[in-house]
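Open the model in your viewer and keep the selection tool at hand. We will go from stop to stop, and at each one you will hear what to select and what is there.

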Amino acid sequence: MRSPDIPANAAISANAAIPADTLLPPKALRAALGRFATGVTIITCNDADGTPVGLTANSFTSLSLDPPLVLWSLRQASGSLAAFVGSRHFAINVLAETQVELSRRFASQQSDKFAEGAWAPGIGGVPVLAGCAAVFECAVETCQDAGDHVLFIGRVLRLADLAVAPLLFQGGHYRMLGEIL
Ligand SMILES: Cc1cc2nc3c(=O)[nH]c(=O)nc-3n(C[C@H](O)[C@H](O)[C@H](O)COP(=O)(O)O)c2cc1C
């Protein structure tokens, strides 16, 4: 039964619906996926020379509590792909609401993303960024092709939880936490 809070016309209308048997237009797919609110992370590792590598990612999600597994995905076309595929560890740095500029920098093609801001080497020498809401240091469990992305599953070896407000991303915009319902 429909919840009394949801108006009768809330379901997708016949006009807006995209029939399952047509090709999904990429713009419509992106827009619909963007309805889903996420946190924002910077995922880090080292390349073969030991140079720090990182990018902004919101594909991060929890996968399993026992064993403790998390996952995220990286574009096949990313300049960071070789570094992550060759690394035995990565760190998920969950951004605080004060870290929008850091997120923008790590979402850019800038060459030295680590020039500003404090970080320290964690497990496997992987950069752990200062001031994050939480950090999950992981060992790579599996890494496999998935469409135009590569799916990484990591086993959490160590975590930090700083209990500060996280940065959010929804509808193509950075946002802050709203009301508790
Ligand atoms: C909020 C946000 C989330 C993103 N999530 C991902 C992601 O999950 N996977 C991905 O491959 N790129 C993601 N990107 C894009 C990368 O951050 C961007 O392409 C970056 O330049 C990649 O670094 P590279 O130059 O090392 O390829 C995201 C960007 C933003 C702004």
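Two strands count as paired here if DSSP finds at least two bridges between them. With that in mind, select strands E4 and E5: they pair in the antiparallel sense over 3 bridges. Pick out serine 64, and then find its bridge partner in E5, leucine 69. Please remember throughout that this is a predicted model.

**The whole chain**

Now zoom out and colour by secondary structure. The protein chain has 3 helices and 12 strands. Of its 181 residues, 24% are buried. Look also at how the chain folds back on itself: among contacts between residues at least 6 apart in sequence, 65% join residues at least 24 apart.

**The seven-stranded sheet**

Next, select E3, E2, E6, E9, E10, E5 and E4. In that order they make an open sheet of 7 strands with antiparallel pairing. E3 and E4 (61-64) stand at the edges, and each has a single partner strand, so one side of each is left without a neighbour in the sheet. Turn the sheet and follow its twist, which averages 35° from one strand to the next. As background, strands of a sheet pair through backbone hydrogen bonds, either parallel or antiparallel.

**A hairpin at one edge**

Stay with E3 and add its partner E2 (residues 41-46). The two pair in the antiparallel sense over 6 bridges. Which residue in E3 is the bridge partner of threonine 44? Click on glycine 54, and you have found that partner. E2 and E3 form a hairpin with 5 residues between them, and in the turn glycine 50 has a positive phi of about 85°.

**Around the ligand**

Select the ligand and show what surrounds it. The shell holds 17 residues, and the closest are Leu55, Ala57, Ser59, Ser78 and Ser80. Which strands each supply at least two residues of this shell? They are E3 (52-57) and E5 (69-75). The largest share, 4 residues, comes from E5. Colour the shell by class and you should count 7 nonpolar, 9 polar and 1 charged residues.

**Into the core**

Hide the ligand and look inside. The largest nonpolar core has 31 residues, and Phe90, Ala91, Ile92 and Leu95 have the most contacts inside it. Strand E6 (residues 89-94) gives the most to this core, with 4 residues. In soluble globular proteins, nonpolar side chains tend to be buried together. Now select alanine 91 and show its contacts beyond four places in sequence: among them are Thr44, Val126, Val128, Phe136 and Cys138. Thr44 is the residue you met earlier as the partner of glycine 54.

**The small sheet and a helix**

For the last stop, select E1, E11 and E12, which form an open sheet of 3 strands in that order, with antiparallel pairing. E1 (38-39) and E12 (173-175) are at the edges with a single partner strand each, so one side of each has no neighbour in the sheet. E1 and E11 (residues 168-170) pair over 2 bridges, and glycine 39 has leucine 168 as its bridge partner in E11.

Finally, select helix H1 (residues 26-33) and find alanine 31 in it. Is alanine 31 buried or exposed? It counts as exposed, because it has 12 C-beta neighbours inside 10 Å. Draw a distance from alanine 31 to glycine 172: they are 141 residues apart in sequence, and 8.6 Å apart in space, C-alpha to C-alpha.

Technical notes
Residues numbered from 1 in each chain as written. Predicted model: local features only at pLDDT ≥ 70, side-chain atom pairs only at ≥ 80, totals over all residues. Near = placed C-beta within 6 Å. Nonpolar A, V, L, I, M, F, W, Y, C, P; charged D, E, K, R; others polar. Buried ≥ 20, exposed ≤ 12 C-beta atoms within 10 Å, placed from the backbone. Contact = placed C-beta atoms within 7 Å. Core = buried A, V, L, I, M, F, W, Y, C linked by C-beta atoms within 7 Å. Axes fitted to C-alpha atoms, helices over the stretch in contact; angles between N-to-C directions.
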